[in-house]
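Thanks for passing this one along. Here are my notes, in the order in which I would go through them with you at the screen.

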Amino acid sequence: MKCDRCDNPATVHLIEIINGQKIEKHLCEHHAMEEGVTIKVTHSPINELLEKFVLKHTSSVAAPTSVGGAVQQAGPVTTGGETDLVCEHCGLTFSEFRKRALLGCADCYTAFGPLLMPLLERAQEGATHHLGKVPRYAGSDQLRQQRLKQLRRELDKAVAGEQYERAARLRDEVRELESHK
Amino acid sequence: MIQWSEHASPWLRGEGPDSDVVISSRVRLARNVAGFPFLLKAGAAQRRELCQICRAKLLDASMGRTLVWMDLADMPALERQLLVERHLISRQHGQGDKIRGLAVSDDESVAVMVNEEDHIRLQVIYSGMRLADAYRAANAMDDALEKQIDFAFSDKLGYLTACPTNVGTGIRVSVMMHLPALKLTGEIEKVQRAARDMHMAVRGFYGEGTEALGDFYQVSNQTTLGRGEQEILTDFQDQMVPQIVRYEQEARAALAERRPSLLDDRIQRAWAVLTHARLLGSEETLYLLSHLRLGLCMGRIEGPDLQQVNDLFALTGPSHLQRIAGRVLTGSERREFRATFVRQRLSER
């Protein structure tokens with residue numbers, strides 16, 4: 001199979017689900033690196049490679065939008081034989097976070113992504129995505145999407161709870177909002 | 001400056017809907033300024049800059065209210081403790097010498113802690129069951145701030161906070177309730193259970209990790225991610241609070257019907273001790289005031305007005321007493337001063 005972007009053979013095959021749509025990508029090593037799918041590391045142990053792969057991948061999903069400048073990468077550091085993660089933006093290590101339960105900066109969420117998310121999910125009773133207020137500067141379309149998601153959820157709840165009057169009101173609101181595309 | 005030694009904060013006035021049971025409604029929003037590290041990693045210069053930014057922007061966003069700014073690092077410990085007793089700052093914010101501040105409105109309904117666990121902790125607190133109003137005010141102020149400050153926010157996780165337990169909406173809704181009858185009937189466990197079922201936490205008078213002094217309990221939401229602000233508020237307004245209010249009212253009615261002498265004994269005993277004791281400890285005072293308040297709310301005692309008793313819950317705190325005395329008091333001096341002060345206040349009709 002050839003690379004999606006050039007005639008070289010594809011060595012990286014990736015399936016991404018974006019907004020419920022499955023997107024397959026087949027890339028050569030060069031373009032995979034350009035896409036940020038692989039990171040060129042020489043003579044690194046396989047688990048470190050994997051960790052970087054996972055990190056890179058997580059950062060494209062959960063990158064904080066409001067931190068000006070480039071998205072920082074986290075690098076694994078080895079302390080006393082155990083691998084720890086460190087946020088390259090503020091220098092906090094994951095084990096320090098575990099001790100104090102406080103993060104050092106907004107980028108820590110990305111840097112500690114794979115280790116932090118399961119903890120966060122547990123603390124937030126299984127929730128993984130924000131619903132609710134979105135800052136105005138984030139753009140009106142995003143606000144609308146967020147509101148739609150929320151309304152649909154409440155609509156489901158109302159139907160399940162047999163609150164039909166409320167459900168009808170919510171459905172009207174959803175329609176109203178959808179018509180403003 | 002506000003006459004803090006005369007009256008308790010307006011949120012303790014006992015006004016507003018359901019105020020015989022619901023003491024106050026509070027909404028707190030956690031926000032961080034984008035581009036700055038969280039406080040764990042912020043140096044003195046950054047803390048100072050954050051204070052400067054937040055102070056300026058808060059005063060701009062005050063929406064017609066008069067906000068007073070206080071630099072807590074320069075403030076004597078006793079004054080800071082007074083702010084804790086008035087629930088304007090957390091215990092944590094009252095301690096230490098790091099650069100941090102407070103912006104407070106003249107009616108104390110708005111209090112914004114700067115450089116606490118997050119850069120900004122915006123609190124709106126009202127007397128009685130007025131959560132919707134409290135959220136409206138907090139949200140309007142947040143909107144006004146947002147026009148001038150970029151907050152750390154991610155599409156996936158919402159508002160980013162120093163502790164992941166606040167991430168998402170960053171909202172903490174707390175309703176403080178006075179539940180003496182449930183305590184007397186040994187049914188307080190009902191509240192704990194109801195709260196657990198709704199994924200809410202029950203805390204004491206001064207918030208996290210504190211005792212339910214004076215039979216005051218605070219119920220707050222435990223999670224901040226995956227549910228919108230309105231959904232969280234609705235849980236309180238439509239389910240949790242009416243349910244607990246009903247439990248307490250049922251317990252009051254049951255006491256009056258089945259154990260009237262026990263009920264009146266507690267009320268009269270409280271009144272007798274409060275009006276005659278020569279030494280009063282602070283916890284004991286809150287315990288007695290709680291029973292007196294119950295008696296007044298149920299119309300079982302003719303005595304001082306409810307406002308007076310509500311005031312005493314705050315004014316008998318150690319820092320308030322020392323402010324009133326105008327000097328530092330030792331523990332035993334405080335007990336004597338407290339008893340005299342309570343006697344005086346309760347004899348004013």
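How many bridges join β9(B) to strand β10 of chain B, and do these strands run parallel or antiparallel?

1. **The β9–β10 pair.** Four bridges join the two strands, β10 covering residues 216-221 of chain B, and they run antiparallel. If you would like a place to start looking, take V202(B): its bridge partner in β10(B) is V219(B). Please keep in mind throughout that this is a predicted model.

2. **The sheet around it.** This pair belongs to an open sheet of eight strands in chain B, ordered β2-β3-β4-β5-β1-β8-β10-β9, with antiparallel pairing. Its edge strands are β2 (67-71) and β9 (200-203) of chain B, each of which pairs on one side only. On average, neighbouring strands are turned by 20° against each other, direction ignored.

3. **A helix on the sheet.** Helix α6 of chain B, residues 188-197, packs on the sheet and touches β9 and β10 of chain B. The direction of this helix makes about 150° with that of β9(B).

4. **Chain B as a whole.** Chain B has 12 helices and 10 strands. The radius of gyration of chain B is 21 Å, close to the 20 Å that the globule rule gives for 349 residues, so chain B is as compact as a globular protein of that length. Along the principal axes, its C-alpha atoms fill a box of roughly 65 × 45 × 30 Å. Of the 349 residues, 52% count as buried. Among contacts in chain B between residues at least 6 apart in sequence, 69% join residues at least 24 apart.

5. **The contact between the chains.** Here 33 residues come from chain B and 37 residues from chain A. On the side of chain B that touches chain A, the elements giving two or more residues are β6 (153-154) and α7 (229-258) of chain B. By class, that side of chain B has 14 nonpolar, 11 polar and eight charged residues.

6. **Confidence in chain A.** Chain A averages a pLDDT of 71, and 57% of the residues score at least 70. Among its elements, helix α4 (residues 108-111) of chain A has the highest mean pLDDT, 94, and helix α2 (residues 46-62) of chain A the lowest, 43. Over residues 39-73 of chain A the pLDDT is below 50, although this stretch has 62 contacts in the model beyond near neighbours in sequence. Where pLDDT is low, the predicted coordinates should not be read in detail.

Terms used:
Residues are numbered from 1 along each chain as its sequence is written. Chains are lettered from A and ligands numbered from 1 in the order in which they are written. This is a predicted model: local features need pLDDT of at least 70, side-chain atom pairs count only at pLDDT 80 or more; totals for chains, interfaces and linings use all residues. Two strands pair if DSSP finds at least two bridges between them. Axes are lines fitted to C-alpha atoms, for helices over the stretch in contact, and angles run from 0 to 180 degrees between N-to-C directions. Two residues are in contact if their C-beta atoms, placed from the backbone, lie within 7 Å. pLDDT is the predictor's confidence in each residue, from 0 to 100. Ala, Val, Leu, Ile, Met, Phe, Trp, Tyr, Cys and Pro count as nonpolar, Asp, Glu, Lys and Arg as charged, and the others, Gly among them, as polar. The radius of gyration is taken over C-alpha atoms; the globule rule is 2.2 Å times the number of residues to the power 0.38. A residue is buried if 20 or more other C-beta atoms lie within 10 Å of its own, exposed if 12 or fewer, and partly exposed in between; C-beta atoms are placed from the backbone.
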